[in-house]
Amino acid sequence: MSKKIATGVNGLDELIGGGIPEGRVILIIGGPGTGKTILCSQFLYNGIHEKQENGVFVSLDESKDHFYSEMKKFGWDFRKEEANKKFAFIDATRISRVAMLKEKIYKEETRSLRGKRLSVDNLIENLQSQIVHVNAKRVVVDTLAALIYRFPDPVERRTAIVDLIESLADLGVTSLVTTELGYLGLERNAVEEEFLVHGVIMMQTLFSGGTTTRAIQVEKMREAKVNPSLVPYSIDQSGIEIFPNMPLFGEQ
Ligand SMILES: Nc1ncnc2c1ncn2[C@@H]1O[C@H](COP(=O)(O)OP(=O)(O)O)[C@@H](O)[C@H]1O
Ligand SMILES: [Mg+2]
């Protein structure tokens, strides 16, 4: 059995059998607004503060300033952690745009994967050096769903995703990677990333009797005894909390 890494999210370790197996990649699937970015940031922030495990956040859809100001609302001062060399933010939105620029310049080359693969390679190199720079043990990639705009071709997109996820597994860090359900307009069973990762956690918003309930479920976790139930979670000013023993829809 591998060592378990505490997620830093109340209730989550209990669901997944004690924590994330060290060195593995876990996929978080959820629609917009389900709290994927908050959960991942909580994992990194509490890693730094409770476990002395530094982190790197790779953003494919948000700028650094936006991320820092959003997370400050939860009392998580990532700017300060960056200054203390405990945290690094990689703005991969720009790297993706470089790929699009390349596409315009080297029209010929884009018939092959060269232009775009370069940018994923750059990202992986950059990630590797930031992991060394802050001695990171935890990495987040948020969100693969954004790759649909940079890699409209499904084969190229899949190659990019496979490269990213495989390199995370090789880098010796414990990672959370997010994606969105239905971002391809496909059915549930068509989320290909699921097959590449060690575990899958699904976040969703349910509607019933005029009320909405946030619910989370562990869909897959290799080598672990998990609680597979759909259980409620909340988001408030201190972040995400999961209630593994509470029924959905508040019936007592
Ligand atoms: N202080 C708060 N109290 C309650 N809900 C909050 C608070 N801050 C953010 N949220 C909720 O968190 C969600 C956004 O979380 P986020 O992690 O950005 O989602 P995602 O990354 O999945 O799109 C929104 O639904 C928002 O209403
Ligand atoms: Mg987000």
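**View 1. The lining of the largest pocket is a mix of five nonpolar, seven polar and six charged residues.** Welcome to a tour of a predicted model, starting with this pocket. The largest pocket has a volume of about 260 Å³. Its lining is made up of 18 residues, of which Gly33, Lys36, Thr37, Ile38 and Glu62 are the closest to the pocket centre. Which elements give two or more residues to this lining? They are α2 and α3, the latter spanning residues 64–72.

**View 2. Ligand 1 is surrounded by 13 residues.** The closest of them are Gly33, Gly35, Lys36, Thr37 and Ile38. Three polar contacts are worth a look here, each involving an oxygen atom of the ligand. For Thr34, the partner is a polar backbone atom, with 3.3 Å between it and a ligand oxygen. Lys36 takes part through its side chain, where a polar atom sits 2.8 Å from an oxygen of ligand 1. Thr37 also uses its side chain: an N or O atom there is 2.7 Å from a ligand oxygen.

**View 3. Helix α2 covers residues 36–51.** From first C-alpha to last, the 16 residues of this helix reach 21 Å, close to the 22 Å expected at 1.5 Å a residue. Is α2 largely enclosed or largely open? Because 13 of its 16 residues are buried, each with under 20% relative accessible area, the helix is largely enclosed by the rest of the structure. After α2 comes Gln52, whose phi is positive, near 50°.

**View 4. A cis peptide bond joins Asp142 to Thr143.** If you like to check backbone torsions, look for an omega near 0° at this bond. As background, most peptide bonds are trans. Thr143 belongs to the loop between β6 (136–142) and α7 (147–150).

**View 5. Lys85 has a positive phi of about 60°.** This residue is not a glycine, and its place is in the loop between α4 (78–83) and β5 (87–91). For context, most residues other than glycine have a negative phi. How exposed is Lys85? Its relative accessible area is 45%, which lies between the 20% and 50% limits, so Lys85 counts as partly exposed.

**View 6. Glu223 is another residue other than glycine with a positive phi, near 55°.** Where should you look for Glu223? You will find Glu223 in the loop between β9 (211–221) and β10 (231–236). With 39% relative accessibility, Glu223 is partly exposed.

Terms used. Residues numbered from 1 in each chain as written. Chains lettered and ligands numbered in written order. Predicted model: local features only at pLDDT ≥ 70, side-chain atom pairs only at ≥ 80, totals over all residues. Heavy atoms only, no water. Helix = DSSP H or I, 4+ residues; strand = E, 2+ residues; numbered from the N terminus. Expected span 1.5 Å × (residues − 1). Buried < 20%, exposed > 50% of the residue type's maximum accessible area, 1.4 Å probe, protein only. 1 Å grid on protein atoms, 1.4 Å probe; cavity = no way out; pocket = protein on both sides within 12 Å on 5 of 7 lines; lining within 4 Å. Points joined across faces, edges and corners; volume = space filled by probe spheres on them. Nonpolar A, V, L, I, M, F, W, Y, C, P; charged D, E, K, R; others polar. Near = heavy atom within 4 Å. Polar contact = N/O pair within 3.5 Å; in protein donor to acceptor, adjacent residues only side chain to side chain.
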